[in-house]
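Let's take a walk through this model together, beginning with its sheet and moving on to its charged pairs. Have the sequence and the 3D view at hand.

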Amino acid sequence: MLVSHLPTIIVVHPKERKSKCTVQTLRSRDDFLFWKFPRKEPEKLTRYVRLGMGGPQISKADATSGLLVLDGTWRLAEKMESAYEELPVRSLPVWETAYPRVSKQFDDPETGLATIEAIFIAYHLMGYDTAKLLDGYYWATEFLKKNSERLAQKI
């Protein structure tokens, strides 16, 4: 696979269950690196932005940057943020999730996305290739259908 951007770094919390992890299928791709939290290599992060909440919306202007994504439950990911606070934060607009989840511990945020959905949206808005990114997810068609108008908008 020819990669035209820096690899996406996914930092996985050690308590994240592989059975619930939506990015497992990306481990075999050359354009993704997986770090186990609290791993951090600051020298490799100089051109990265972090996907999160509260920053400007991610866009094509970020296409020359690499993307760092924190992967864990909402509560775990929130606790991981301070370890990467020096990275500029980029947020996502509201899209609809299709990921089938049921939390027995707490309510998921209404605008909560699965990690793979968030990466797909970020790639789309940055102008990165999204082909095959959702391959193997049985709910991918539903996600694309729910967000077809957003996908059709000029970026």
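What is the order of the strands in the open sheet, and is their pairing parallel or antiparallel? In this predicted model, the 5 strands of the open sheet follow the order S2-S1-S4-S3-S5, and the pairing is parallel. Strand S2 (32-36) and strand S5 (89-90) form the edges, each pairing on one side only. Helix H2, residues 115-126, packs on this sheet and touches S1 (8-12), S2, S3 and S4 (66-71). The direction of H2 makes about 165 degrees with that of S4.

Now let's settle on strand S3, residues 48-51. With S5 it shares 2 bridges, the two strands running parallel, and Leu51 stands opposite Arg90 of S5. Towards S4, S3 is joined by 3 bridges, again in parallel; here Tyr48 has Gly66 as its bridge partner. In a regular strand, side chains alternate between the two faces of the sheet. In S3 both faces are covered: Tyr48 and Arg50 are buried on one side, Val49 and Leu51 on the other.

Next, have a look at Thr8, which lies in strand S1. Is Thr8 buried or exposed? Its relative accessibility is 0%, so Thr8 counts as buried. Setting aside neighbours within four places in sequence, Thr8 is in contact with Asp31, Phe32, Leu33, Leu67, Val69 and Tyr123.

One of these contacts, Asp31, brings us to the charged pairs. Side chains of opposite charge can pair when their charged atoms come close. The whole structure holds 6 salt bridges. In one of them, Arg29 pairs with Asp31, with the closest N and O atoms 2.8 Å apart; both Arg29 and Asp31 are buried.

Another salt bridge joins Glu41 to Lys44, where the closest N and O atoms are 2.9 Å apart. The two partners sit in different settings: Glu41 counts as buried because its relative accessibility is 15%, whereas Lys44, at 45%, counts as partly exposed. Salt bridges with shared partners also tie Arg39, Glu41 and Lys44 into one network.

Finally, let's return to Arg90. Its side chain meets that of Asp62 in a salt bridge, at 2.8 Å from N to O. This pair links distant parts of the chain, with Asp62 in the loop between S3 and S4 and Arg90 in strand S5, 28 residues apart. Asp62 has a relative accessibility of 5% and therefore counts as buried; Arg90 is buried too, with a relative accessible area of 17%.

How values were computed
Residues are numbered from 1 along each chain as its sequence is written. This is a predicted model: local features need pLDDT of at least 70, side-chain atom pairs count only at pLDDT 80 or more; totals for chains, interfaces and linings use all residues. Side-chain values use heavy atoms; hydrogens and water are left out. Two strands pair if DSSP finds at least two bridges between them. Helices (H or I, at least four residues) and strands (E, at least two) are DSSP runs, numbered from the N terminus. Contact means heavy atoms within 4.5 Å. Axes are lines fitted to C-alpha atoms, for helices over the stretch in contact, and angles run from 0 to 180 degrees between N-to-C directions. Buried means under 20% relative accessible area, exposed over 50%, partly exposed in between (1.4 Å probe, protein chains only). A salt bridge is a side-chain nitrogen of Lys or Arg within 4 Å of a carboxyl oxygen of Asp or Glu.
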